[in-house]
Amino acid sequence: MRWGMVIEQKRCIGCNACTLACKAEHFLPPEILWNRVLISETGKYPTVNKLIYSIRCNQCDEPKCVDACPTGATRKREQDNIVIIDDNECVGCRYCMIACPYQARSFYEDGDAEYFPGQGQTEHEKMGKVLYPHQVGVVQKCIFCKERIDDGLAKGLKPGVDRDATPACVIACPTMAMHFGDLEDPYSDINRLIKEKKGKPFHPEYGTEPSIYYIE
Amino acid sequence: MGMSVKGKPEIWDDEWVRTTCGGCYATCTIRAHRVNGVVVKIEGEPDNDFGARGGVCGKSQAMIQALYDPNRINYPVRRTNPKKGLFEDPRWERISWDEALDEIARQLKKIREDNPNKLMHGGTPSPGMGPNLPLGFGVFGAVFGTKNWHVGGAGLHCGSGSHMGAGLYHASWSIVPDYKYCNYAIQFGSNKGTGSGHSLGFNMRLSADARARGMKNIVFDPICNFGGGKATEWVPLLPGTDGIIALAMVNVLLNERHIYDAEFLKLKTNGPYLIGPDGRYVRDKATDKPMVWDAKEGKAKTFNDKSVGDFALEGNYEVNGVKCQPSFQIVREHMKQYTPEYASRESTVPAETIRRIANEFGDAAMVGATIEINGQKLPYRPVSSVMFRGGQGHTNSAHSYCALCLLNAIVGAMDVPGGTLGWPPMVLGHPDTGRFKVIPYPCKDGMLTAGTFMEHKPWPIEEPKVPTDQVFKELCPTASFSPQPMTSDFDRYWDKLGRPYEIEMFMVFGSNMARTVQNRDIMEKFLARIPFIVSINLVHNEFTEGFADIVLPDCHPLESWGLFSSHGPFFNWPIGMEGWSFPVRQPVVKPAYERREMIEVLWDIADRIGMREEMNQYYNVYFSSFGGEALISGDLASVRGVKQIDPKKVTQIIKPEEKISFYEMMDRAFKFYFGEKNDLAFIKKHGTIDWPKQVQEAYWRWYVDVRVPIYQEHIAEIKPEVMKAAEKAGVELDWEQFTPLLSYFTPQVSKEISGEFDLYCFSYRDILHTGTYTMNLPWLDEVSQRSPYTYNITMNVDMARKKGLKDGDLICLESPYGRKVTGTLKTMQGQHPQTVAIAACSGAWAKGTPVAFGKGTNFNILLESDFKHACPVSWSQETAATVKVYKTDKRVEFEGVGGKAK
């Protein structure tokens, strides 16, 4: 099993619903984003195209971060290829941040940071520390909502089909631009889309074999 | 739990609550997740069409931070600084609810006994605030008896021309392409499905489906961002020239290609109505009905004479001794002047592009084609042209908007599959009860009219009057939201009228008029002299800090009840065959501190001034208008005409003397609409009352015997009376625009382009922001800071180079009136070289929104506010400014912030 994602750029409007869903799902601390949307343009006036890329950790098959990690904290999960970081083993050296060509990783430094600076942590931030505590001094990034996948599978749900077993960014997308499934299943929807619409990873030239593909 | 959790925290409360979002006007259905008493997640509701079917936008998700914003107002407060002004420190002092309401009631009582018009009331149902604007403030003000209703950002953020036009042509508040069937959509200055707050959820979903299906989407817009960025073809144009492009397309279709839907024009428009040399209808002497020419019998008949064999659209006739011709022929002739070459000179869009798009539109319209849906055969017109804020935000607003409606009308692409749809104006009622029913009907001269109250109900045309209201809507019946009296010319007119009274009190629900209204300096002068201002709000903003005397703490949508999603089906409800869903808003958490439900606060005030009985009566009319037997057929001309309603036609849902809670009122309303079993307890659990839409509701146009005006005879009719009344007030409007023939008028912004003032500056809607409040939400702020555009001023890269400017420069934009704003430059390829653009509503300076403070640029400062800068027909404000641009080293608009002298 290898979880993967396909993003339809014709549908994506760059609304950042995915970014915000990820923020909420994991109670991400201030200034930390596991999911981002890159916006730019190509062409010359008046023939211009807007470029929009919803990005997050690519869960690469040849992850440079794993190679760079001196402690083995960053590794691929055997069962499904998700690249995880073990908080207990991460020493915060941040080599992985330099190694990742997609800048998908963040270092969590200030455990007291407030969303409303100087105004105290809100009830919501405090609840986040109960439901999804983040360890200070370690690197973090998108983990394909592994808790949702694991809990969902345990309940007999299918990731990519059942909302509760699918990453938060995917189900939040209001244009239904994001698809999730098993890259090793030749009959999965995402494999069909990649094949039919000639899906390509973001910057394939980095050679890390990402699990996220973009189609027109 | 349906959410990521780490470890094994103790969970004693884990609920998903179905409700509606309060992030913008769209009020999409959502599910909010509450854990241990705290809202932790918001997701789109997957089980109905009132939204993105499980998807949700970023603003909606950030509403959690709005709910828990430490800047929320928690207690009633009173201003202790007697000085009012943009940068004054209010020096709030906490007071009790009783103290606040007693003081408000004392003032209101005095005013009501004296002259109710001395109360101005208004607000905006967004952002963050409840959708109960009509049920609360609308009803309160109408019952109180004031004519002075002022909407936040009136004439500016709202679509005066588009609401007027959508009312006229679709009996609705706005229009949307029928994404499911449309193959070719033209969008003028709007972000439908890519940012606009209107019907955001389902528009995002449906427009994405349409793009994936291969719908062509042509976007005319000076900037290639949210709308243009998703277009199959982005066509840059100068601001305010959308109308002439639409007119040129009409010309190409009528006079070059001879493509038009004759059947639609004959039966669904006033195209066959005969027009005399005076520009007016030739009317039947006995019945006063407009006449048409029956080409079959070769004689004139009244328009709705059942014996008409063939409505003539062409020819010259003589009826009752008057030479006349069908209006269609006059319109077609009139269009000849709008050549693509002329449109090109005004807009800078190449003539061949305009001609090609017109041809593509005409061909894609498939005039004559039909489609079968659920066994019903209907005209199939898979083309649509739409417009909203940007395209119609100029002094030619009404003509521009109606011009694109004309483009739809000539090919019959109105409320039929594939065409342009209004938000649904026709509901045949819930299957169990037949209630919640609205049916458009033919009013004066057979013209389409909404079947229930709505602000932009064109017929019957009200008589122009010398204004006794300060918003001056009495003067011009076609005016939509009015900028008056927050203008630089109001005093001149009011003086001429002998200053009949002054506004002594202003009650405002939500909104932030110091930042969202054109020109804060003009606004300041107006507000600073109102003795008593009450605001009900979530946080302190530029308006409350600068001008409010008492501020009451409202509930956030996640703490509130809400009966209507906005105003009714004609506002924001899903289009086409998307199902009916009547949503409820319910508290996900109890209101904290002393925050209170706005409607119940207004009832408390009504009790104190002896007005509750009248309000109860009014609610009965209001609810009955969606279900009481006679009212649905249209004799409720406007919600303000309530006193003329025959009481026998009103169902008594609340007894006059009763003092019920909002919860109780909602329960009764639901039972009245949907039957005993569909009470509030039921709807709380399910979130919506759902039932399938019928084809004749979705595509109602050919099921109701109504017509729309391709020739705006009513404008010719009202012109002399408006002129007469205006003269008494000393009001000068551009009278040339009072013509029945849709035309192009150079927008004021273009007239002011001269010498060094060589650029057009406009604002646009960023998808993460609405109103002014969203910029204080840290999640949205973090993302906005990472956007190359949101907090910057954008310009075409070549133009910037020509001016010696580069990315990151601090620049100043200065208008010919000496208004200045500053900000950081970001250059773009995708922007018309003669324009400068700013994301709307940024540039905060209030203490109550510290996250937003100083970020971005407040575009509205650049705008003028007067009749010279208003569309004379719809009263939309000119929302583009002429500017010169240069490098600077200080942010002038923040001088004086912090209570220092300006």
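Colleague: What makes you confident in chain B, and what is its average pLDDT?
Modeller: This is a predicted model, where local features need pLDDT of at least 70, side-chain atom pairs count only at pLDDT 80 or more, and totals for chains, interfaces and linings use all residues. Residues are numbered from 1 along each chain as its sequence is written, while chains are lettered from A and ligands numbered from 1 in the order in which they are written. pLDDT is the predictor's confidence in each residue, from 0 to 100. Chain B averages 92, and 95% of its residues score at least 70.

Colleague: Where in chain B is the pLDDT below 50?
Modeller: Over residues 628-643. Beyond near neighbours in sequence, that stretch has 37 contacts in the model. A contact means two C-beta atoms, placed from the backbone, within 7 Å. Where pLDDT is low, the predicted coordinates should not be read in detail.

Colleague: What scores does the predictor give the complex?
Modeller: An ipTM of 0.98 and a pTM of 0.96.

Colleague: How many residues does each chain bring to the contact between A and B?
Modeller: Chain A brings 50 and chain B brings 57. Helix 1 of chain A gives the largest share of chain A's side, seven residues.

Colleague: What makes a residue on chain A's side nonpolar, polar or charged?
Modeller: Ala, Val, Leu, Ile, Met, Phe, Trp, Tyr, Cys and Pro count as nonpolar; Asp, Glu, Lys and Arg as charged; the others, Gly among them, as polar. That side has 26 nonpolar, nine polar and 15 charged residues.

Colleague: Why is 351-364 of chain B called a helix?
Modeller: Helices are DSSP runs (H or I, at least four residues), and strands are E runs of at least two, numbered from the N terminus. Helix 10 of chain B has 14 residues.

Colleague: What span should helix 10 of chain B have?
Modeller: The rule is 1.5 Å times one less than the number of residues. That gives 20 Å, and the end C-alpha atoms are 20 Å apart, which agrees.

Colleague: Which residues of helix 10 of chain B are called buried?
Modeller: Buried means 20 or more other C-beta atoms within 10 Å of the residue's own; exposed means 12 or fewer; partly exposed is in between; C-beta atoms are placed from the backbone. Thr353(B), Ile354(B) and Phe361(B) are among the buried ones. The buried residues pack against elements including helix 6 (242-256) and strand 19 (383-387) of chain B.

Colleague: Which residue after helix 10 of chain B has a positive phi?
Modeller: Met366(B), near 50 degrees.
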